[in-house]
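Student: I have a protein on my screen and no clue how to read it. Could you walk me through it?

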Amino acid sequence: MAEKAYPAAPANHGYQRSDAESLENADELKRKKKIKLAIYITIFVVFQIIVITTMSLTVMKVKTPRFRLGNINVQSFESVSATPSSFDTKFTTQIKIKNSANWGSYKFNAANITFQYRGATLAVIDVAKGKAGWLSTIKRNAEVSLNSTALTNSNLGSDLSSGVLTLNSVGRLNGKVAIMFIMKKKKAANMNCTIAFDVAAKTLKSLQCK
């Protein structure tokens, strides 16, 4: 029986990569990966710089808290403009420690507020130590009694006759602002308020604090 002959398979004339070309392609892939990695690292570094800069200009920037009086409510006001001139007043007020500009708490020491007439001391009230939270303001109520018993100023009569009695309150609060529990910076807040009373109406005319 005759054997069947089968045609031989056609020779493969397709393109075959050499070892050198394969290595070249592998190197190209590695190069592209390195470029991508360098781009990612650059983006990460730029992002970190932006975050740090933003925090330095906002969160990490420490501002001086404000130390002020507010909401004066006159309970009594008596005065005599004729010689010997005198006055006696009682009022309630609020002591305000404003820390609303800081992203950290403000811990302050005990202090005092001095009430004056033309530089002469009328009374001193104490401010207990405490802490104002971050981005917040604390308010403390206080009762104040002032009179002219210890004054020798000859201008008092003319000031009362003018219809306006002007007093001042001054004080200094020493403390530290703590940012994110890792940084503390000393900050002193000064009070300098001008209080004007309407003598005839026996009321507060104005309150201005610097």
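**Reading the model together**

Tutor: Let's start with one residue: Lys61 is partly exposed, with a relative accessible area of 45%. On that scale buried means under 20% relative accessible area, exposed over 50%, and partly exposed in between (1.4 Å probe, protein chains only). Lys61 sits in the loop between helix 1 and strand 1. Its C-alpha is 9.3 Å from that of Ala101, although Lys61 and Ala101 are 40 residues apart in sequence.

Student: Where do these numbers come from?

Tutor: This is a predicted model, where local features need pLDDT of at least 70 and side-chain atom pairs count only at pLDDT 80 or more, while totals for chains, interfaces and linings use all residues. Residues are numbered from 1 along each chain as its sequence is written, and side-chain values use heavy atoms, with hydrogens and water left out.

Student: What does the protein chain average in pLDDT?

Tutor: pLDDT is the predictor's confidence in each residue, from 0 to 100. The protein chain averages 86, and 81% of the residues score at least 70. Among its elements, helix 1 has the lowest mean, 71, and strand 4 (residues 111-117) the highest, 98. Where pLDDT is low, the predicted coordinates should not be read in detail.

Student: How many helices and strands does the protein chain have?

Tutor: Helices (H or I, at least four residues) and strands (E, at least two) are DSSP runs, numbered from the N terminus. Here there are 2 helices and 10 strands. In sequence order they give α-β-β-β-β-β-β-β-α-β-β-β.

Student: Which way do strand 1 and strand 2 run?

Tutor: Two strands pair if DSSP finds at least two bridges between them. Strand 1 and strand 2 (residues 86-98) run antiparallel, joined by 12 bridges. Together they make a hairpin with 5 residues between them. For one partnership to look at, find Val74, whose bridge partner in strand 2 is Phe91. Strand 2 also pairs with strand 7 (residues 137-147), again in the antiparallel sense, over 11 bridges. There, Gln94 has Asn141 in strand 7 as its bridge partner.

Student: And how many salt bridges turn up in the whole structure?

Tutor: A salt bridge is a side-chain nitrogen of Lys or Arg within 4 Å of a carboxyl oxygen of Asp or Glu. The search finds 2. In one of them, the side chains of Glu78 and Lys202 meet at 3.5 Å, N to O. That pair links distant parts of the chain, 124 residues apart: Glu78 is in strand 1 (residues 66-80), Lys202 in the loop between strand 9 (183-198) and strand 10 (203-209). Glu78 is partly exposed at 48% relative accessible area, and Lys202 is partly exposed at 40%.

Student: What about Asp159 and Arg118?

Tutor: Their closest N and O atoms are 3.1 Å apart, in a salt bridge. Asp159 lies in helix 2 (residues 156-162) and Arg118 in the loop between strand 4 and strand 5 (120-127), so the pair ties together parts that are 41 residues apart in sequence. Asp159 counts as buried at 14% relative accessibility, whereas Arg118 counts as partly exposed at 49%.

Student: What share of the 210 residues count as buried?

Tutor: That share is 29% of the protein chain. As for contacts (heavy atoms within 4.5 Å), residues 24 or more positions apart account for 67% of those with a separation of 6 or more.
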